[in-house]
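Grab a pencil and get the viewer ready. We'll work through a few exercises together, one step at a time.

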Amino acid sequence: MTNKVLTGITVLMGQLLEFEVAFPGEERLTVEQYLAGCNRDMMLNAATFFLGFKNYKSKYDDSREFLGMFFRDENSELANQIYGRIKEVESKGERIGIINAYSSLRLFEYFFSKPDDPVTQSEADLEVNLFKAYLVFNSEFSQKQSIAFPSSQKSDEDLKFPMMMLCMRYPLTDKTDYDIKQIWVTQIIKAIYLFQFLESHEKTQPLLAAFLAYFNCSTWQDYLKNLLPLTTPAILSETEAHTDIVVKQGEKFDQECAFIEKLIVQEQDELDPNDFLTVRAKPFYKVKDGVYRIIFNMFVAEKIFKGVYFLLRDVNKILPSATRIKEIKSFYGDEFSEKTLCYKVLESIYTNKCIRFSGKELADMKIDAAPDYYVRKGKNILLIESKDFLIAADKKMSFDFKVYEEEFGRILDFEELSDGKIKPKAVVQLINSIRRILKNEFPADTDYYYKEIFIYPVLLTHDHQYDTLGFNELIDFWFQDALLDLTDEGLYIHHVKPLSVVNIDTLIYNQAGLLNDIPLHEMLNFYHRNKKVERQRSRKFKSQEEYEKYIKEYKQMRMSKLIPFSMFIDDHFRKQGLWRRPELLEMVPAALFQKEYETKEFNQS
């Protein structure tokens, strides 16, 4: 169990091909030993080629297809031997994967930070040694991941399986389980909201001006117009290979190269060993003058919005103290993520025939510790706590349940302060709001009978890394434990729904369907019905083979119950034919080409 991983966005158990499986009985050397005397540019080309594979339904998911592509005729006998060993493992019910984002990024970082050595290996030997080095990275990943199983077994009995999946998957989910086109669409919408926010607030205008000066852009629209063409090849590419950005010769050649070179990883950059933070920040590298290569498509798509915060943070550090924003992460989370983005998105899916209050409106009513957003549609109440947070990269990559429990608990449940006091976070805040509602002590809305309403507690997240198997189960476990306190107080909790972890990107991407077809609270009902696990009947097995088949099917069923809400709603809307372009996208042309739109309207008038 310790070496199992999920591959792709389908919920399947699988196993990475490790060195010991492909080369049984052979002593494993280091990556440095295998790749000494290799051409640096060739290795970078190989790494970005692997990173160009589709994360879903790649033809190279087929081991025979990959080995046939990778090895030349001279090494075909070795390729056949490796394939035979893979099939032997797969005959026992395990799926073997060779290429994965972790190992490909490790290969890129290893060679990018390494000076070019004289080439001493033949092409045929290099081919074999590159394959062996790649499997060393696979074995390294599996070794890191091996802590997941024993650490998860220290959790509550009901959580052991979900936490095993969480610990195994969380460090890699954001690099494997994603829809690149969905990320691209939602990043553009969020980026426009962000720049409009920065432009309209006096406190953030110096920060925006310094940001634009760094990129030599006069407006944020110009910045996005320069950036977006660099991201579209990552989205539109149909080939499974690396992608190059070629700047055309012309009057703007130097200007366009200068812009992209603000986003390329440099040889002198120190590559962060945790979660590939440096390559995330600079997802291109220079091949030659005017030619730049995408390192990883997903990191490029995330530069549109997610990357802006980190650039703003760095620019903020060098601003004069008088204009510098203190505690920028807290300011950004409160003023933009919650009071701008959260409000606008929720307003776009609950527009009429409902009672709704933003956290700011509730604060203006002098309601202390109010939820970040409140909606009542008929007898259905949504209580939303918006949390824009990240945990430290080294802790994210720990695969350790104890680390995750402490970090997520401190950020999302409650924090014990040095003076012994308890600082409530999202889970406790939701419980406190539910208590008020059930006691009819929520002054903003009292026109209901507490036994007739249904309450939907929602943790609204702002990063797709939390759309991972088991995460919702952990947060809801804390919520259900705290909910028992309300029972002890004699409150009627029978219509309180399980806590739902919802990524704001999911609401943006599915906005049209949530607005016009199935409201969010109904989708949450479907989601939690789907998550229920029926009690298994005791049964006798006629053979070991029948027992192993049952266990495999049971694990598959349990994993299907752990899918995040984002995966569930995407699948549901696609199957029902309900997905349409988000209406929020309509603001993009007007926002980016504001002057042109204003000129057109003036001329028409």
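Below are six exercises on this predicted model, each with a worked solution.

**Exercise 1. Work out the strand order of the five-stranded sheet and say which strands stand at its edges.**

Step 1: Find the 5 strands and walk across them. The order is β7-β8-β9-β12-β13, in an open sheet with mixed pairing.

Step 2: Look for strands with a single partner. Those are β7 (355-358) and β13 (500-503), so one side of each is left without a neighbour in the sheet.

Step 3: Check the twist. Neighbouring strands here are turned by 20 degrees against each other on average, if you ignore direction.

**Exercise 2. Follow β9 through its pairings and decide whether its residues are buried or exposed.**

Step 1: Start with β8 (residues 373-377). It runs antiparallel to β9, and 5 bridges join the two. One pair to click on is Lys-377 with its bridge partner Asn-380 in β9.

Step 2: See how the chain gets from β8 to β9. The two strands form a hairpin with 2 residues between them, and Gly-378 in the turn has a positive phi of about 65 degrees.

Step 3: Now go to the other partner. β9 and β12 pair in the parallel sense over 8 bridges, and Ile-384 stands opposite Val-458 in β12.

Step 4: Keep going to the edge. β12 (residues 454-461) pairs with β13, also in the parallel sense, over 4 bridges. Here Val-458 stands opposite Ser-500 in β13.

Step 5: Time for burial. In a regular strand, side chains alternate between the two faces of the sheet. On one side of β9 you find Asn-380, Leu-382, Ile-384 and Ser-386, and on the other Ile-381, Leu-383, Glu-385 and Lys-387. All of these are buried, so both faces are covered. That makes 8 buried residues out of 8 in β9 (residues 380-387).

**Exercise 3. Describe the sheet formed by β4, β6 and β5.**

Step 1: Put the strands in order. The 3 strands run β4-β6-β5 in an open sheet, and the pairing is antiparallel.

Step 2: Name the edges. β4 (244-246) and β5 (284-288) each pair on one side only.

Step 3: Add the twist, which averages 30 degrees from one strand to the next.

Step 4: Zoom in on one pairing. β4 meets β6 (residues 291-294) in the antiparallel sense over 3 bridges. Asp-244 has Arg-293 in β6 as its bridge partner.

**Exercise 4. Check the length of helix α5, then find which residues line its buried face.**

Step 1: Do the length check. At 1.5 Å a residue, the 15 residues of α5 (residues 76-90) should span 21 Å. If you expected a bigger number, remember that the expected span uses one less than the number of residues. The end C-alpha atoms are 21 Å apart, so the two agree.

Step 2: List the buried residues of α5: Leu-78, Ala-79, Ile-82, Tyr-83, Ile-86 and Val-89.

Step 3: Look down the axis. The buried residues of α5 fall within an arc of 135 degrees, so they line one face of the helix.

Step 4: Turn to the face pointing away from that buried side. There you meet the exposed residues Glu-77 and Asn-80.

Step 5: Try Arg-85, which lies in α5 too. Its relative accessible area is 26%, so Arg-85 counts as partly exposed, since that class sits between 20% and 50%. Leaving aside neighbours within four places in sequence, Arg-85 is in contact with Val-21, Ala-22, Phe-23 and Pro-24. Phe-23 is 62 residues away along the chain, yet the C-alpha atoms of Arg-85 and Phe-23 are separated by 8.8 Å.

**Exercise 5. Which residues have the most contacts inside the largest nonpolar core?**

Step 1: Recall the background. In soluble globular proteins, nonpolar side chains tend to be buried together.

Step 2: Pick out the residues. The largest nonpolar core has 204 residues, and those with the most contacts inside it are Leu-35, Leu-67, Ile-82, Phe-131, Tyr-223, Phe-408 and Ile-475.

Step 3: Ask who contributes. Helix α10 (residues 180-200) gives the largest share of this core, 12 residues.

Step 4: Inspect Leu-35. Beyond its neighbours within four places in sequence, its contacts include Met-43, Leu-107, Phe-111 and Leu-130.

**Exercise 6. Where is Lys-353 found, and is it buried or exposed?**

Step 1: Locate it. Lys-353 is in the loop between α17 (328-349) and β7.

Step 2: Read its accessibility. At 75%, Lys-353 counts as exposed, because the cut-off is over 50%.

Step 3: Check the backbone. Phi of Lys-353 is near 50 degrees, a positive value in a residue other than glycine.

Definitions and conventions
Residues are numbered from 1 along each chain as its sequence is written. This is a predicted model: local features need pLDDT of at least 70, side-chain atom pairs count only at pLDDT 80 or more; totals for chains, interfaces and linings use all residues. Side-chain values use heavy atoms; hydrogens and water are left out. Two strands pair if DSSP finds at least two bridges between them. Axes are lines fitted to C-alpha atoms, for helices over the stretch in contact, and angles run from 0 to 180 degrees between N-to-C directions. A nonpolar core is a set of buried Ala, Val, Leu, Ile, Met, Phe, Trp, Tyr and Cys residues joined through side-chain atoms within 4.5 Å. Buried means under 20% relative accessible area, exposed over 50%, partly exposed in between (1.4 Å probe, protein chains only). Contact means heavy atoms within 4.5 Å. The arc is that of the directions from the helix axis to the C-beta atoms.
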